[in-house]
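Got your viewer ready? Here is a walk through one model, stop by stop, with something to select at each.

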Amino acid sequence: MLTIIIRTLLIYIFVIIAVRIMGKRQVADMQTTELVTTLIISEVASLPMQNTNQPLLSGFVPILLLVAIEIIISIIMMKSRRFRTAVIGHPIIVIRDGVILKEQLKRLRISFEDLYSLLRQQEVFDLKEVRYGIIEPNGSLSILSRSHPDSALLKSSRDIEDELNKIEEKEETE
Amino acid sequence: MKRGIIAAVFLLLCIGITAYEYIYITVNTDSFVTMLTTAENEIEHNEILSAEEISKRAEHRFEDAERMLNLFLIHSEVDFIAQNLSKLSRYAHAGSTAEFLATSSATKKALLSLSRSEAPIIENIL
C-alpha cells in the first residue's frame, strides 16, 4: 500500500508538471488535440498508479511523448493556418441577421434546442438581436449583436463569412 | 520558442530512454540465453559441475541486472525468470537433468519473449 501511495504522489506531481508545461486552458476552451491529450494522459497515468507490477517509466515516457507532440502540434498550428483548419476545423456561422442557418446546424449536428441553450447562456433571448452567431472550433457560441458598433471584430466576421462562402462554393463545384 | 525547446528535450528523452532500454534488454537476454544453452549442453553431456557453475553464474548476473530490468519491464515477468534461474543450480546439483532442461527451456522462452516484445514489429504494435 505504501508503494501505491508513493507512486500516486509521484505520478500526480509529474502529471501536474506535464499539464502545466502544455499550457493553461479551461476544459471548455480546450481544442480537440488538447482535450484528447489530456484524456489520454489521465488514462496512461492511472495504469502504473494502480498496478505496482508495472514500472513507473511505462507511464512517464508516454506522458512525456504526448506533451511533446501536443506542443509541436500547437506550434505548427500557429504557423500554418491550413494545418490548424485540418486539425481543429474553422468557425462556422449559424446565425446571420437574426436568421438561423439550418443547413449549417445540420452540418454541425446541433439541434435547435442546443442552439437556444447556447444563446441563453450568452444572455441572448431574442434572435433579432443577433447579427452573427458563430460556432467556434471548440464548440462554443460567439455572438455579435446588432447593437455592436462596426469594429475590427465585425470585419473579421465578414472575413469569416467570405471564407465560408468560398468554402461553400468550393464544395458545390466538387 | 521555449516550449518548442522543451518539446524537443522531451522527445530526445523519450528516444534516449527507449533506445537504452531496447539495447539493454536485447544484449542481456541474448547473453543469458547463451549461458543457458551452454549449461544445457553441459548437463546433456553429464558435465554436472560445469552446468551447476554456469547456472549459478547466470543467477548472480541476473540478480545484478534485475534492478535495471524492473525499471523497464513488468515486474512479475522479471521475477519469473529470477525464480527459474534460482532453481537451475539446485536441479544441476541434484542431478535432475529433466527438471533442469525443462526449467531452462521455459526460462529461455521467457527471456526471448522479453526481448521480442520490445521490438517495434507489427505484432507488438497491433
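What follows is a tour that starts with chain A and ends with the salt bridges of chain B.

**Before you click**

This is a predicted model, where local features need pLDDT of at least 70, side-chain atom pairs count only at pLDDT 80 or more, and totals for chains, interfaces and linings use all residues. Residues are numbered from 1 along each chain as its sequence is written, chains are lettered from A and ligands numbered from 1 in the order in which they are written, and side-chain values use heavy atoms, with hydrogens and water left out.

**Stop 1: chain A as a cartoon**

Select chain A and colour by secondary structure. You should find seven helices and four strands, where helices (H or I, at least four residues) and strands (E, at least two) are DSSP runs, numbered from the N terminus. Going along the sequence, the pattern reads α-α-α-α-β-β-α-α-β-β-α.

Now switch on the surface. The accessible area of chain A is about 11,100 Å², with 59% of that belonging to carbon and sulfur atoms; such areas come from the Shrake-Rupley method with a 1.4 Å probe, and for residues only the protein chains shown count as cover. Of the 174 residues in chain A, 33% are buried. Buried means under 20% relative accessible area, exposed over 50%, and partly exposed in between (1.4 Å probe, protein chains only).

If you like contact maps, try one here: among contacts in chain A between residues at least 6 apart in sequence, 54% join residues at least 24 apart. A contact means heavy atoms within 4.5 Å.

**Stop 2: the sheet**

Select the strands of chain A. In what order do the four strands sit in the open sheet? The order is β2-β1-β3-β4 in chain A, with antiparallel pairing. Two strands count as paired if DSSP finds at least two bridges between them. In general, strands of a sheet pair through backbone hydrogen bonds, either parallel or antiparallel. At the edges sit β2 (99–100) and β4 (141–145) of chain A, each pairing on one side only.

Zoom in on β3(A), residues 130–135. Six of its six residues are buried. Towards β4(A), β3(A) makes five bridges in the antiparallel sense. Label A:Gly133 and you can trace across to its bridge partner A:Ile143 in β4(A); likewise, A:Val130 faces A:Ser145 in β4(A). Towards β1(A), β3(A) has four bridges, again antiparallel, and A:Ile92 stands opposite A:Ile135 in β3(A).

Next, follow the hairpin of β3(A) and β4(A), with five residues between the strands. Pick A:Gly139 there and check its phi: the angle is positive, near 95°.

**Stop 3: the helix across the sheet**

Add helix α6 (residues 112–121) of chain A. This helix lies across β1 (92–96), β2, β3 and β4 of chain A, at about 65° to β4(A). Axes here are lines fitted to C-alpha atoms, for helices over the stretch in contact, and angles run from 0 to 180 degrees between N-to-C directions.

**Stop 4: a nonpolar patch**

Jump back to the start of chain A and select residues 1, 2, 5, 6, 9, 10, 12, 13, 16 and 17. These are A:Met1, A:Leu2, A:Ile5, A:Ile6, A:Leu9, A:Leu10, A:Tyr12, A:Ile13, A:Ile16 and A:Ile17, a nonpolar surface patch with about 1,100 Å² of accessible area together. Patches are made of residues with over 30% relative accessible area and no salt bridge; like charges are joined within 9 Å, nonpolar side chains (Val, Leu, Ile, Met, Phe, Trp, Tyr) within 5 Å.

Stay on A:Tyr12, which belongs to helix α1 (residues 2–22) of chain A. Why does A:Tyr12 count as exposed? Because its relative accessibility is 52%.

**Stop 5: salt bridges in chain B**

The whole structure holds four salt bridges over all chains, each a side-chain nitrogen of Lys or Arg within 4 Å of a carboxyl oxygen of Asp or Glu.

Select helix α2 (residues 48–72) of chain B, where B:Glu52 and B:Lys56 lie four residues apart, about one turn of the helix. Their closest N and O atoms are 3.3 Å apart. B:Glu52 is buried at 11%, while B:Lys56 is partly exposed at 38% relative accessibility.

Finally, show B:Arg90 and B:Glu59, bridged with closest N and O atoms 3.7 Å apart. This pair links distant parts of the chain, with B:Arg90 in helix α3 (residues 75–94) and B:Glu59 in helix α2 of chain B, 31 residues apart. B:Arg90 is exposed at 53%, whereas B:Glu59 is buried at 12%.
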